Amino acid sequence: MRWRHGLAIGLLCQASWVMANNEAGVALLEKATLAAQQTSYQGSYVLHADAQLTALQIIHHWSPDGVLEKRSSLEGETWEAWRDGHLIRLFAPHHAGKMAAHTALARPYPNIFTGEPKHILNHYRLQRLHLDRAAGQNCLWWALVPMEPNRFVRHVCFQPDSGMVMKTQVLDVDGKVLERLMFTAFSRQVPPPNTWPKPAFPEQRRFVEPPTTNNNVATTDILTLPAGFYLLKDRSRTFPDGRQAVRHLTFSDGLARFSVFIEPVQPQMRPVKMEGQGATRLYIRQRDGMRVTVVGDLPDNALRDIAESVSAKR
């Protein structure tokens, strides 16, 4: 009986430790989200994916009335992205700049957690690593290790006090770093938005980005989802040249994200390919007159399985 009593106490203590650890993890992710969304800051940051280095700038102003934000390129194609709440406007001298802006905005930073922390930690395990510095700020590295095999490992360096994400890394199953994002300059001093310079280029596009929610009920009947992923949006784009609409679905688990594009096959389209840059991978397959493109920050085999699971139902 004594050993049973001791075992019960041991299991209770272990369960309490897991609960406390999970509660602390939820608090950490919540603090990071609030720091990225509901504080004011500005700085420059770099994306290092494969052999390419991209430098960007952000000014983020928060008030009880909402968020005003400006992102811009510091090298390469010139563009600016202005956010007023959920309205995003892209400014660039030409089409290439607009596309570069879309590519940059596809990697949310420093607001990398777009779902509920409890849901995220149902699929990732937090592990404390070591102290570091970025842009003159102390930060503490934590690993987010996926519990399922169809995700990448994430390393995130949080400011101890504010929870602001100062650095991130995405690693493959062998521990190789696929891409890095990090602040190179950071300040809490933000000028009033009415003093910001006006956009220097013509507006190329505007769109409303709906708030992301963890909707486990919203699914789709046309593909098999990896565990933990939920539907963010499902829409069709109609082209002015008369082509049939492309169906565009976006899914997330609160950290990783992927999109699925479904369209009729065109004669000039390449049948199958897999490619990518950094952690963002792309897989295309064609069958039965339908072309499916899956792009996201998931391993190649995960994207391939998603693409092959898409049915012809539209």
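Is Ala 135 buried, exposed or partly exposed? Ala 135 is partly exposed, because its relative accessible area of 23% falls between the cut-offs of 20% and 50%. The structure that holds this residue is a predicted model. The protein has 314 residues, and buried residues make up 45% of them. Its secondary structure consists of four helices and 17 strands. The points below take the protein as a whole, then its cores, its disulfide, its aromatic rings, one histidine and two features of the backbone.

**The protein as a whole**

- The surface that the protein exposes comes to about 16500 Å².
- Carbon and sulfur atoms supply 55% of that exposed area.
- Among the contacts with a separation of 6 or more, 51% are between residues 24 or more positions apart.

**Nonpolar cores**

- In soluble globular proteins, nonpolar side chains tend to be buried together.
- In this model, the largest nonpolar core has 63 residues.
- Within this core, the residues with the most contacts are Phe 113, Phe 158, Phe 258 and Val 260.
- Helix α1, which covers residues 2–37, gives the core its largest share, namely six residues.
- Another core, of five residues, lies apart from the largest one, and its members include Ile 59, Phe 91, Val 190 and Trp 196.
- Val 260, one of the residues with the most contacts inside the largest core, also has a list of partners beyond its neighbours within four places in sequence.
- These partners of Val 260 include Leu 223, Leu 249, Phe 251, Val 292, Val 294, Ile 306 and Val 310.
- Arg 247, His 248 and Thr 293 are also in contact with Val 260.

**The disulfide**

- A disulfide is a covalent bond between the sulfur atoms of two cysteines.
- The structure holds one disulfide, and it joins Cys 139 to Cys 157 with an S to S distance of 2.2 Å.
- The link of Cys 139 and Cys 157 is right-handed, with 90° about the S-S bond.
- Cys 139 belongs to strand β7 and Cys 157 to strand β8 (residues 153–158), so that the pair links distant parts of the chain, 18 residues apart.
- Cys 139 counts as buried because its relative accessibility is 0%, which is under 20%.
- Cys 157 likewise counts as buried, because its relative accessibility is 0%.

**Aromatic rings**

- The structure has nine aromatic pairs.
- One of them is the stacked pair of Tyr 41 and Phe 186, with 6.0 Å from centre to centre and 20° between the planes.
- This pair links distant parts of the chain: Tyr 41 is in strand β1 (residues 41–49) and Phe 186 is in strand β10 (residues 177–187), 145 residues apart.
- Both Tyr 41 and Phe 186 are buried.
- Phe 186 also pairs with Phe 183: the ring centres are 5.0 Å apart and the planes stand at 65°, so this pair is edge-to-face.
- Phe 183 has a relative accessible area of 1% and is therefore buried.
- The relative accessible area of Phe 186 is 13%, and this residue is buried because the value is under 20%.
- Ring pairs join Tyr 41, Tyr 45, Tyr 109, Phe 183 and Phe 186 into a cluster.

**His 60 and its surroundings**

- His 60 is found in strand β2, which covers residues 52–63.
- His 60 counts as buried because its relative accessibility is 4%.
- The His 60 side chain reaches the backbone oxygen of Ala 36 at 3.3 Å.
- A polar atom of the same side chain of His 60 lies 3.0 Å from the backbone oxygen of Gln 37.
- Leaving out residues up to four places away in sequence, His 60 touches Ala 36, Gln 37, Thr 39, Ser 40, Tyr 41, Val 67, Leu 68, Glu 69 and Val 190.
- Among these, Tyr 41 is also part of the ring cluster, and Val 190 is also a member of the core of five residues.

**Features of the backbone**

- The peptide bond from Tyr 109 to Pro 110 is cis, with omega near 5°.
- Pro 110 lies in the loop between α2 (95–105) and α3 (117–120).
- Ala 135, a residue other than glycine, has a positive phi, near 50°.
- The loop between β6 (124–134) and β7 (137–146) contains Ala 135.

Terms used:
Residues numbered from 1 in each chain as written. Predicted model: local features only at pLDDT ≥ 70, side-chain atom pairs only at ≥ 80, totals over all residues. Heavy atoms only, no water. Core = buried A, V, L, I, M, F, W, Y, C linked by side-chain atoms within 4.5 Å. Buried < 20%, exposed > 50% of the residue type's maximum accessible area, 1.4 Å probe, protein only. Helix = DSSP H or I, 4+ residues; strand = E, 2+ residues; numbered from the N terminus. Contact = heavy atoms within 4.5 Å. Disulfide = S-S within 2.5 Å. Areas by Shrake-Rupley, 256 points an atom, 1.4 Å probe, with all protein chains shown as cover. Phe/Tyr/Trp six-rings, centres within 6.5 Å; stacked < 30°, edge-to-face > 60°. Polar contact = N/O pair within 3.5 Å; in protein donor to acceptor, adjacent residues only side chain to side chain.
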